[in-house]
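Please open the structure in your viewer and keep the sequence panel visible beside it. This tour proposes a series of selections and states what is to be found at each one.

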Amino acid sequence: MAFDAEATKRCSLMTPDAMAEADRRTIAAGTPETTLIDRAARASLRVLRSEFTRRPVTILCGPGNNGADGLRLGEMLVDAGWPIEVICLGEPPSAERHRGLDGRLRPTGTFAPGPGALVVDALFGAGLSRPVEGEARALIEKLEFAGASVLSIDLPSGIDGATGEVLGIAPQADVTVTFHRLKPGHLLGEGARRCGKVFCADIGLQYREGDASALHNAPELWRHLLANGARETHKYERGHTVVVGGPGFMGSASRLSAYGASVSGAGAVTYLAPLSSAEFAGTVFDAVMVRPMTGPEALEELAEGKASSIVIGPGMGHGALSRDCLHTALASGLPCVVDADALTLYEDEPSKLFSALHEGCVLTPHEGEFARLFKGVEGDKLSRAKAAAARCGATVLLKGSTTVIAGDGLPVINTNGSRSLATAGSGDVLAGLIGGILAQSVAPREAAAAGAWIHAEAARSAGPSLNADRLPRRIAGVIDRLVS
Ligand SMILES: NC(=O)C1=CN([C@@H]2O[C@H](COP(=O)(O)OP(=O)(O)OC[C@H]3O[C@@H](n4cnc5c(N)ncnc54)[C@H](OP(=O)(O)O)[C@@H]3O)[C@@H](O)[C@H]2O)[C@@H](O)CC1
Ligand SMILES: [K+]
């Protein structure tokens with residue numbers, strides 16, 4: 001079962017190149033470029049007026065259409081009676097085309113933004129092609145300690161719209177206004193930090209299948225998949241997740257996974273407890289069934305029976321039984337969440353793990369585990385997750401304050417994470433939650449996207465005192481609200 005098709009269009013992220021192509025298409029279909037610039041400027045004006053009170057405005061304009069948006073915005077601000085000045089890189093704009101700016105153009109050397117001023121950054125947007133240097137760099141450097149507010153048009157100048165990386169230098173914007181669709185660079189790395197509050201305005205560009213390079217995660221993509229399970233009446237028809245338990249003191253991580261699975265909407269969860277902790281596990285769980293793990297054959301028996309997904313890795317340890325269980329889990333062909341110790345068991349020979357994985361698997365590494373398992377995979381987070389998924393032949397969920405999910409279909413970027421999630425055991429709960437969603441016949445990329453968003457949402461309104469024990473209860477609340 002897949003993402004909702006209409007929501008996929010709305011949640012699409014487009015690279016600067018795809019945006020330029022949409023721009024060309026729209027112009028070729030009869031909308032003049034000046035009309036698009038006009039709409040972009042008008043949208044910027046709307047946001048500017050809603051976010052800032054009247055004050056002196058300096059507009060920094062670059063040589064391309066990002067600068068053209070800035071010039072047009074300048075004219076609109078003059079019409080609205082705002083005090084403005086315009087500073088252009090390179091050639092000054094034609095007096096004929098921009099009569100409204102008469103007497104307001106200043107040379108670059110005069111730029112001295114003061115506290116309380118508003119600077120519109122229209123230097124570079126989607127056409128940024130190299131690191132920002134020279135005069136443009138000097139202008140952006142002056143912003144750093146000026147205390148002025150910054151509104152960036154399309155992107156903070158210097159942010160690569162495809163990756164979120166800084167090319168040379170980029171300002172810290174308070175507000176960014178972009179058009180048509182967000183770009184991955186608005187959500188990734190430094191881009192996410194430098195954009196401030198992001199607004200996306202419709203300027204009448206045509207959308208076409210194949211324009212997207214990634215998706216911005218949102219419940220409208222996958223909410224219908226969760227509701228599906230709730231219609232089934234028998235517990236095993238609603239999915240049955242098996243969580244492979246960890247031994248002794250380590251067992252708490254896997255128990256958190258079992259709690260995560262138990263609130264996922266799956267009909268049943270079985271906790272397969274190593275003998276050293278089976279008795280204890282039997283006393284702590286109520287809603288989760290506990291079975292003793294006599295050996296990998298106990299897992300095999302469940303996999304051949306009623307299980308519909310497996311969660312393996314949290315608190316499992318690196319012993320021989322762990323290896324046997326991992327092999328049994330993967331060989332079963334059931335959807336599997338491979339997390340924590342299951343990711344690091346084979347860090348010295350990852351190809352052994354990769355060759356056992358199948359397309360129903362979801363790997364959930366944090367940055368440290370990712371670096372150890374996918375040696376040599378470098379670059380921005382989106383590219384790394386995609387490369388890792390291609391290398392291992394499974395879905396990869398690369399965790400962090402921004403989480404990227406790559407697998408079959410467009411990759412998904414999840415951005416509702418918060419600091420409250422950075423707490424011990426939170427990742428174990430996530431692994432269980434995704435396992436529980438997988439058990440409900442949801443495809444791996446879709447289950448990972450749903451799990452990442454729900455998990456983050458459960459922590460979003462919480463304070464720093466949130467711990468992993470209390471997370472499942474909050475997850476249950478989020479899911480119930482989503483499917484009600
Ligand atoms: N499609 C849409 O949605 C719409 C887009 N619109 C707007 O258009 C913007 C895209 O316009 P764009 O393509 O003209 O690119 P833009 O960002 O102005 O920069 C290109 C110029 O900068 C130069 N340059 C690049 N890097 C440089 C550097 N480091 N240092 C110095 N120079 C550098 C580059 O020079 P070149 O590489 O050619 O030598 C070229 O001259 C987009 O962000 C949005 O605001 C709206 O108006 C309407 C609909
Ligand atoms: K800009």
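**First stop: lysine 399**

Select lysine 399, which is buried, because 23 other C-beta atoms lie within 10 Å of its own and 20 or more are enough for a residue to count as buried. Please bear in mind throughout that this is a predicted model. Lysine 399 sits in the loop that links strand E16 (395–398) to strand E17 (403–406). Now display its surroundings: apart from neighbours within four places in sequence, lysine 399 is in contact with Thr364, Pro365, His366 and Gly427.

Move next to glycine 400. This residue also belongs to the loop between E16 and E17. Is glycine 400 buried or exposed? It counts as partly exposed, because it has 15 C-beta neighbours inside 10 Å, and a value between the limits of 12 and 20 falls into that class.

**The annotated positions**

Select Lys399, Gly400, Ser401, Thr402, Thr403 and Gly427 together. An unreviewed UniProt entry gives these positions the feature "binding site". They are spread over 29 residues of sequence, yet they cluster in space, with a largest C-alpha distance of 13.8 Å.

**The shell around ligand 1**

Centre the view on ligand 1. How many residues surround ligand 1? There are 30, and the closest are Asp23, Gly64, Asn65, Gly125 and Gly127. Colour helix H2 (16–28), helix H3 (33–51) and helix H4 (65–79), the elements that each give two or more residues to this shell. H4 provides the largest share, with 5 residues. If you colour the shell by class, you should find 17 nonpolar, 9 polar and 4 charged residues.

**The open sheet**

Switch to a cartoon display and select the strands of the open sheet. Its 11 strands follow the order E1-E9-E18-E17-E16-E15-E14-E13-E10-E11-E12, and their pairing is mixed. Which strands lie at the edges? They are strand E1 (12–13) and E12, each of which pairs on one side only. In general, the strands of a sheet pair through backbone hydrogen bonds, either parallel or antiparallel.

Select strand E11 (residues 268–274) and strand E12 (residues 289–293): they run parallel and are joined by 5 bridges. Within this pair, look for alanine 273, whose bridge partner in E12 is proline 292. Add helix H10 (residues 275–284) to the selection; together with E11 and E12 it makes a right-handed β-α-β unit.

A further parallel pair consists of strand E13 (residues 309–312) and strand E14 (residues 336–338), which share 3 bridges. Here isoleucine 312 has valine 338 as its bridge partner in E14.

**Alanine 462**

Go to alanine 462, in the loop between helix H18 (444–460) and helix H19 (471–483). Alanine 462 counts as partly exposed, because it has 17 C-beta neighbours inside 10 Å. Not counting residues up to four places away in sequence, alanine 462 touches Ser420 and Arg474. Draw a distance from alanine 462 to alanine 371: the two C-alpha atoms are 30 Å apart, and the residues are 91 apart in sequence.

**The whole chain**

Finally, zoom out. The protein chain has 19 helices and 18 strands, and its C-alpha trace spans about 85 × 40 × 40 Å along its principal axes. Of its 484 residues, 54% count as buried. Among contacts between residues at least 6 apart in sequence, 72% join residues at least 24 apart.

Key:
Residues numbered from 1 in each chain as written. Chains lettered and ligands numbered in written order. Predicted model: local features only at pLDDT ≥ 70, side-chain atom pairs only at ≥ 80, totals over all residues. Near = placed C-beta within 6 Å. Helix = DSSP H or I, 4+ residues; strand = E, 2+ residues; numbered from the N terminus. Nonpolar A, V, L, I, M, F, W, Y, C, P; charged D, E, K, R; others polar. UniProt positions renumbered as here; feature names shortened; annotations may be inferred. Contact = placed C-beta atoms within 7 Å. Pairing = 2+ DSSP bridges. Right-handed = clockwise from strand over helix to strand, strands pointing away.
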